[in-house]
Amino acid sequence: TIMKQSVKNYIVDPRDNIIIECEAKGNPVPTFSWRRNGKFFNIGKDPRVTMRKRSGTLEIGFRSGGRPEDYEGEYQCFATNDFGVSLSNKILLRVSKAPLWPKEVLEPVSVTEGSALVLPCNPPPGLPPPFTFWMDSNMSPIPQDKRVSMGLNGDLYFSNVLAQDANTDYSCKARFLFTHTIQEKNPYKLKVQTKEPYNDTSYNASEPHGVAESTPTFLSPSGSESSKMVLRDEQLLLECIAAGLPTPIIKWFKKGGELPGQKVKFENFNKTLKIVSVSEEDAGEYVCMANNHLGTIRHSIFVQVKAAPYWLHKPSDQVLAPEENGRLVCRANGNPKPRIEWLVNGQPIESSPTNPNRQVLGDTIMFHSVQIGSSAVYQCNASNEHGYLLANAFVNVLDLPPRMLGPKNQLIKVIKNNRTFLDCPFFGSPLPELRWFKNGQGSGLDGGQYRVYINGTLEIKRARAEDEGTYTCVASSILGKAENQVRLEVKEPTRIIQAPEHQSAIRGSTARFMCRVTSDPSLPVSVAWMKDDKPLYLGWRLKKDDESLSIPNVNEGDEGTYTCTAKSEIDQLSASARLTVLARPDPPMDLDLSDPAARSVRLTWIPGKEHRSPITEFLVQFEEDRWEPGRWQNLSSYPGDLNSVILQLAPFVNYQFRVIAINSVGQSDPSRPSPRYKTTGAAPDAIPKGLRGWGSRKDNMEITWEPLLDLERNGPNLHYIVWWRRKDAEEEWNNLTTVGTNHVVHNTEIYVPYELKIQARNEFGAGPESNLVIGYSGEDKPTDAPTDLRVSKVDSTKVIIHWNPVDLNSVQGEFKEYRLYYWRESSQVPGLVVSKEKKVKGFYSTTAKPSGMLSDLAPYSNYKMFMVVANNRFESQPSNTVAFTTKEGVPDAPRFFKINRRSLDTIHLEWAKPLEPNGILTGYQLKYQTVNGSKVGPFQLETFFPNVTEFFLRVPDRFSRYKFFLSALTQVGKGEDYAEESPHFTNEAYIDQVDIATQGWFIGLMCAIALIILILLIVCFIKRSRGGKYPVRDKKDLPLDAVDQKDQDGSFDYHSDEDNKPLQGSQTSLDGNVKESDDSLVDYGEGGDGQFNEDGSFIGQYTVKKDKDETEGNESSEATSPVNAIYSLA
C-alpha cells in the first residue's frame, strides 16, 4: 500500500536537490521501481540519482554538476512484493523559473486629465506565476482606492486621471515565491494635460475640477458579456473595472438567484467578486453594474463549473477466504463524466492473464469462488480532461483461523453513567463471527444496553455499578475460535463540590480560590492549577493545599483566569474563575489652568489609570504661600466622570492646586502641583463670628469674637471695629478699632445689658456689619438666700420640698437655679455604714410658691439638706438645714446566689444578705421549678429566717434542671428576685468537689488494689525463698558478733548452708501450729527497746547468725512479714 507520495504537480527549487517521495508498506517488504515519461527509469545508470533504503523515495543531487531542468518529466512509482504491485500517482516534475524582465525603454505616458488609463505590467512568465504589485521610485506602495487599483492580471487601472497623478512614477514589481527574488519593470512617467495650470492647492480633491464628466465604460472585461470556467473546489475570481467621471461604483448580483452570502467576498473596492471552494450550484450568470450620476452599464459573466474526478466510492482492500465471493467498487464523478479504467498489478486488466473467477462490470469487479494464489493489487483510474484519480486495492485470498489482535485480559476502568467501549480486535479468513459474554455465562450480549460493532467493539451505552464484571469476546469460524477477556470496573466520577469563584482583590491583599474535590475512593486524584491555560508556577509566594490556592500580596501580574483541574487516571474535571486585581488609581496628570477670573479659575487634568476600579471622585486640594505655606488643604470634591471644573476661590491668595483620584480601593497619590494662580484683593466678605459680651469682674464687660480665617481676610492690614452701648439708655455708640479679638469696657454697673456689633476691614475696604448682639456686664454674689426650706410627702425613695423664693433683683446676675445640697446622714438599719457624700440638684422656678421633687433616695435612711440661689458665677448664703427620714422599703436582691451540686441527688444553695436591706430583714423567699427545654413545672416555695443563708435541696432525678428565684423580705414586702438555673448533670458548669472517700465504688476499688498488691508480695516471697539466697542481713535485736564468718577468699558469707531446706516458720500442720516470727514491732521502734537515730533511721542492723538453725529460722520468720518481703526485694 502506498503510504506517502509527492503531489501530482510538483514544482521544485533549482537551487536544492530534488526529492520525489514514495513510501509504501507490505508483508513481505516491497521493492520499488520508477517509470519516467512512461518508460522504465534505470536509477543505477545515473550517478546523480539515489533511492533511500527501505523506501522508494528518489534523491537527485547536483554537487557533481548537471542541470535540474534535465530531470523534468512525469514520474510514477511501483511498489512490488509477492502479492502484487501498487502504483503511485503520476508526478509531473517541473523546475521553478524566474526569468528576467525584458529590457525595454518606456516613453512617458501622456494622458488628458479626467480620462481613463491602463498601465500594463506584463511580468515575465514564471513557474509558478509571480506575485505582482506597484511601487514608486521611493519604494513606497502606490495608494489604491476605488479610482486607482491593480487588476487580476497585474495591470494598474485609473478610472480617471488627476493632475497630481503626474507627481509619481509607477513601477511594476514581480516577486517569485521559490527564489524569493523581486524583479521590476522600468517605471512609467505620466504627463497629465490639464486645462488650468496645476498647483498643489487648487488640485487636491479626489475628483478633477473643470473637466467634462463622462459616463461609465468598462476597462476590464471588455464588451457586454464574457465567460469564465472554474473547477469544482477551486477559487472563483470575477473582475469588473470601470472608467468614468465621477468614479463609478461597482455592484454585483446573480441572475436567477441570490449571491451565496457565506461564500462570497468582495475585494479591491468591490471590483472583485471572490468565491472560495466553488460547487456546481455556483454556476450561472453573474452581472456587474457600474454607475455614476450620468449613467449605468452592465457586464454579464457566464460561469461554468467543471470538475476533475472526485470519489463517490473509493475501492478498499479486501480479505477473502477460498471459495468466497466479493467485489471491488470504483465510483467517481466529475464534469465531464470520468472514464473508469482497471489495472492489475500495474497492467491494464485487459492485457493481464484471464481469471475465470473474476468479472469486470464497468466500475465494479465481481469475484466468484476465489482460490488461493489469486491475490493481487488492483488499480482503479478515473480520469477526464481536467484530471485523474488513482486508487490501489489489495485483494488478499487468505485461509486463516480466528485470532485475537489486542492485549490479553485488559482491565478497563470507566466512570459511572458514561458511554463505554470494550475493544476486541480480531482477524480471520473467512471473517469470524464475534459474540460477547458477561461473567462467562448467558447468551451473547447485543441489544438494549449493549451494542456490538462489526470491528468487535462492545458498546455499553450507560455504565452502571451492576455492569462491573469480566466480559469475554469469542471469535469463531469454520476454522476454529479464539477468545479474549476484558475486566470492567465502574467508578464514581470525580466532582468539584466547591469550585473557584470570580473575585476581585485589592493589590497587596490575599486572594484564595477554593477547589474541593470528591472522587471514587479507589482512584487517587491530583489537583493541578493553571493560569491563563498555562501551568501555574507556585514559586515561594503562592501556596497550594488540598482544597485551595492562596495568592498572598496580590499584584497586577497575578490577574488572570485560574483553572483547577482534578484528574484521576480515567477522568478529569476543571473549573475556572477570574481574578481581577484592584488598586488605587494612578495620580491625575497634566494639570492645566484656564479661564482666569477674579474669584475663579478652570482646572483641567488627565485622569490616571483606574486599575479596574472606576474612579468615583476627584478631590481638589490647594496650597497657598502666605498664611500656611506647604500645607495642603481640601478645596472641593467632584464626580469621577469630570476632569475639568471651575474652582471658586478667595481673594488675595496665591494658589497652587493638586488633584487626588478616589476609587473603591482608596486614594491615589496626589498629582504634581499646577502652576500658581494669584487672585486679586477685595474687602472682607465675612463677619467675625462668636461676638459676645460678659463680665469677668463685677464692674466690667469683656467683648470677645473669633478672628476671620486666613482665607477670609481678602487683603492686607486686617482690623476690626467694635461698637457697644447700654441697652435702652439711648446712648451714643462707643467704638474701638483693633487688630485683636477682645476689648474690656471698665466701670460698668452690675449686670447691665449692652448692645454690641462688629465689622472687619482691610486695605480694600470694609466688610458687612454684624447683627446686634446683647451682652452683659459682670455679676456679683446674691444678697438674699432662700428661706423656710421644708419637706412633705416623704416616701421611701422620694420627697417633696418647698421653700420661699428670693427677689430676683437680689441675685445680682442672671438667675440660673435654686441649688439643693443633700446627703445621707445615716441608715436606720443597725450597723450599716453609708457614704455621706453631698449631692446636688437644681430647680429652676420663678413662681411665688416654688416646690420640687427629690427622688432616688435610699429607703430607711436619715437625710439632711440646704438650699442656695445661684447666678452664673456665685451662690448665695445657705438656707436653713432640714433633716428628714425616708420610710422603709423593699430590699435589694441578695448580694450573690450560688448553686453547687454536692452529690448526685443534692443541690446546695448559698447566698448573702443584700448590700442595701432598705429596712429590717424579716427573711428570704425561694421559689423554684423544674425546667425541661421549653416546658416548666409548677412553682414550689420555701421561706427562711433572716439569719439563714444556705439551703440543701434533695432532687429525685439527678438529670433534672431547676430554675431558682431568691428574694429578701422586709415588712414592706418582697425585694428584687435573683434568678439562677442549676447546671445539667451531664454538662456541669460548676460542681462542688465530692468527697470520693465516702463513695462505695471508691472503697471497693481501693480494696481490690490492696488485695492485688498483697498477692504480688506473697508470690515474690515464695520465689525468693525457693532461690535460698538473700542479700540482706537478718536484723536482730542482739549485738553483732565480734567476727563474721568469712570465706577462704576473705569475702563474707551471707548464705545459709542449707539453702535447699524447707522454709521454717511456714504452716507445718493442719492443727494451726505456726512458729512465731522473731520480727516484731519492737524491732521497728514501736516496742520499748526500739531505738531511732536523730535522723529517724533504725539503729538496729540486719546481721547474719553463725548458727545455721537460727539463720534458717530468721529467714523463714522474716519472710512471713510483708514488710520484710518488701525489703528482700530491694
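Two strands count as paired if DSSP finds at least two bridges between them. Strands here are DSSP runs of E with at least two residues, helices are runs of H or I with at least four, and both are numbered from the N terminus.

With that in hand, look at strand S55 (residues 560-567) and strand S56 (residues 572-582), which run antiparallel over eight bridges. Thr565 faces Ser574 of S56 across this pairing. Both strands belong to an open, mixed sheet of five, in the order S48-S56-S55-S51-S52. Its edges are strand S48 (503-506) and strand S52 (534-535), each pairing on one side only.

A quick note on what you're looking at: this is a predicted model, where local features need pLDDT of at least 70 and side-chain atom pairs count only at pLDDT 80 or more, while totals for chains, interfaces and linings use all residues. Residues are numbered from 1 along each chain as its sequence is written, and side-chain values use heavy atoms, leaving out hydrogens and water.

Now for a hairpin: S9 and S10 form one, with two residues between them. The two strands pair in the antiparallel sense over four bridges, and Phe78 sits opposite Leu87 in S10. In a regular strand, side chains alternate between the two faces of the sheet. On S10, Gly84 and Ser86 point one way and Val85 and Leu87 the other, and all are buried (buried is under 20% relative accessible area, exposed over 50%, partly exposed in between, with a 1.4 Å probe and protein chains only).

What lines the largest pocket? There are 33 lining residues, with Thr1, Lys25, Ser86, Asp317 and Phe394 nearest its centre. Among the elements giving two or more residues are strand S9 (73-81), strand S10 (84-87) and strand S37 (387-397). S37 gives the most, six residues. A pocket here is an open set of points on a 1 Å grid over the protein atoms alone, where a 1.4 Å probe fits, with protein on both sides within 12 Å along at least five of seven lines; lining residues have an atom within 4 Å of a point.

Some loops hold backbone oddities:

| Site | Loop | Backbone value |
|---|---|---|
| Asn27-Pro28, cis | S4 (22-24) to S5 (31-36) | omega about 5° |
| Ser220-Pro221, cis | S20 (214-220) to S21 (225-231) | omega near -10° |
| Asn345 | S32 (339-344) to S33 (347-348) | positive phi, about 50° |
| Glu730 | S66 (719-726) to S67 (734-738) | positive phi, about 50° |

Asn345 is partly exposed at 26% relative accessibility, while Glu730 is exposed at 81%.
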